[in-house]
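User: I am in my first year and would like a close look at one part of this protein. Please take the salt bridges, and then place them in the rest of the fold.

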Amino acid sequence: MSVLTNVPNLISPAEESERRHWLQVWLVAIACTVLLIAVAAYGFDYYWLDAADRAYSPKHPILRPSGTLGVKLGILGVVLFLLIFLYPLRKKIQWLARKGTAKHWLDFHVVLGMTAPVLIAFHASFKFHGIAGMAFWIMFLVALSGFVGRYLYAQIPRSINTAELSLRELAAQEDELTRMLAGQNILSESMLQPLLRVPSPDEVKKMTALQTIFRMMKIDLALPFRIARLRRSVLGPLGKIASFGGLLATKNARLEEVVRAARQKASLSKRITFLARTQDVLHLWHVVHRPFSYSFAVLAIVHIVVAMGLGFM
């Protein structure tokens, strides 16, 4: 019997809390997506028109930036903007800091940060010019960099502080998984090798910040397909069909235990190899992300003041 079968499959309180958190994140993400799809479906024929033709559309009084719905979309965008900035403010406001963890706040920060630019685009009727246009494109860059920052944040363990201890913790976990995989007889070492292949430390040191991010993302995106190849190597024709070519989990419990351990080891090997570089890139990301965020805040406030002063709100 494989040593993998002796590993208990218990859900700790921390794991249960994490599941509840992700359920909440997905509910917020789904609500935001439904809202954006509803606005897009209603206004598709209007947004598709040229600027000169929109004035003749019956939806123009509703969807133009100062229209009945357009201005509400702008107000909602401001609300999201305020909620987004609660994340950096929690570090300075004590009672906010006690509400949840930084990681959980960051997840909602990213969801709202990706929703807000699209919502503002609908408010502006996809016509970006002047201060409002500049604010939108800065906000778009903030949202894009926020997505990258969340990805980098996930690569660094949060249970301990120093890089040395982080590396030691990851290495211990990797050694345990290596022993677990060595004790199984389902997948050979040659089968596992493509999955566990990562760049050498020297290669990583020579990478630029963008190369580091793209290389890590490339490894993560390729992981499901490499896992599928592992499953296909031991599955028969019917098993391959039932699992959609190995992309879905099979009913073979022992195989899935090995696959789970192999996936964890591949992820850990990547994190160990890129750990020091990831910390450097994350520091650089903070240097870039914050000025863009503050620039957007200033331009958004100027736009709101000008719009109110001209009587558009």
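Analyst: What follows begins with the whole chain, goes through the salt bridges in turn, and ends with a few other places.

The model is a predicted one. The protein has 14 helices and zero strands, so that, by the DSSP assignment, every numbered element is a helix. Buried residues make up 39% of its 313 residues. If we take the contacts between residues at least 6 apart in sequence, 73% of them join residues at least 24 apart. The protein exposes about 18800 Å², and carbon and sulfur atoms supply 68% of that area.

Now the part you asked about. Side chains of opposite charge can pair when their charged atoms come close. How many salt bridges does the structure hold? There are three.

One of them joins D45 and K59, with 3.0 Å between the closest N and O atoms. D45 is in helix α1 (residues 13-47), while K59 is in the loop between α2 (51-54) and α3 (60-63), so this pair ties together parts that are 14 residues apart in sequence. Are the two partners buried or exposed? D45 has a relative accessibility of 45% and counts as partly exposed. K59 has a relative accessible area of 18%, which means that K59 is buried, because the cut-off for buried is under 20%.

Another salt bridge is formed by K270 and D220, whose closest N and O atoms are 2.9 Å apart. Here both residues sit in helices: K270 belongs to α14 and D220 to α12 (residues 209-234), so the bridge ties together parts that are 50 residues apart in sequence. K270 is buried, with a relative accessible area of 2%. D220, at 26% relative accessibility, counts as partly exposed.

The remaining pair is E256 with R231, again with 2.9 Å between the closest N and O atoms. E256 lies in helix α14 and R231 in helix α12, so this pair ties together parts that are 25 residues apart in sequence. Both E256 and R231 are buried.

Helix α12 has a further partner in α10 (residues 189-196), since the axes of these helices come within 9 Å and cross at roughly 170°. The two helices are therefore roughly antiparallel to each other. Which residues meet there? From α10 they are M191, L192, P194 and L195, and from α12 they are L223, R226, I227, R229, L230 and S233.

Helix α14, which holds K270 and E256, also takes part in a nonpolar patch on the surface. The patch covers about 710 Å² and is made by W137, F140, L141, L144, L284, V287, V288 and F292. The elements that give two or more residues to the patch are α8 (130-154) and α14 (253-309). V288 is one of the patch residues and lies in α14. With a relative accessible area of 40%, V288 is partly exposed.

For a buried residue without a charge, take L80. It is found in helix α4 (residues 68-84) and counts as buried at 10% relative accessibility. Leaving aside neighbours within four places in sequence, L80 is in contact with L112, T115, A116 and L119. L80 and L119 are 39 residues apart in sequence, yet their C-alpha atoms are 9.4 Å apart in space.

Two loop residues complete the picture. Most residues other than glycine have a negative phi. S125 is an exception, with a positive phi near 55°, and its place is in the loop between α7 (102-123) and α8. F244 also has a positive phi, of about 55°, although it is not a glycine; F244 lies in the loop between α13 (237-242) and α14. Is each of them buried or exposed? S125 is buried, with a relative accessible area of 2%, whereas F244 is exposed, with a relative accessible area of 61%.

To return to your request: the structure holds three salt bridges. The bridge between K270 and D220 ties α14 to α12, and the bridge between E256 and R231 ties α14 to α12 as well. The bridge between D45 and K59 ties helix α1 to the loop between α2 and α3.

Notes. Residues numbered from 1 in each chain as written. Predicted model: local features only at pLDDT ≥ 70, side-chain atom pairs only at ≥ 80, totals over all residues. Heavy atoms only, no water. Patch = residues over 30% accessible without salt bridge, like charges linked within 9 Å, V, L, I, M, F, W, Y side chains within 5 Å. Areas by Shrake-Rupley, 256 points an atom, 1.4 Å probe, with all protein chains shown as cover. Salt bridge = Lys/Arg side-chain N within 4 Å of Asp/Glu carboxyl O. Helix = DSSP H or I, 4+ residues; strand = E, 2+ residues; numbered from the N terminus. Buried < 20%, exposed > 50% of the residue type's maximum accessible area, 1.4 Å probe, protein only. Axes fitted to C-alpha atoms, helices over the stretch in contact; angles between N-to-C directions. Parallel < 35°, antiparallel > 145°, perpendicular 65-115°, else oblique. Contact = heavy atoms within 4.5 Å.
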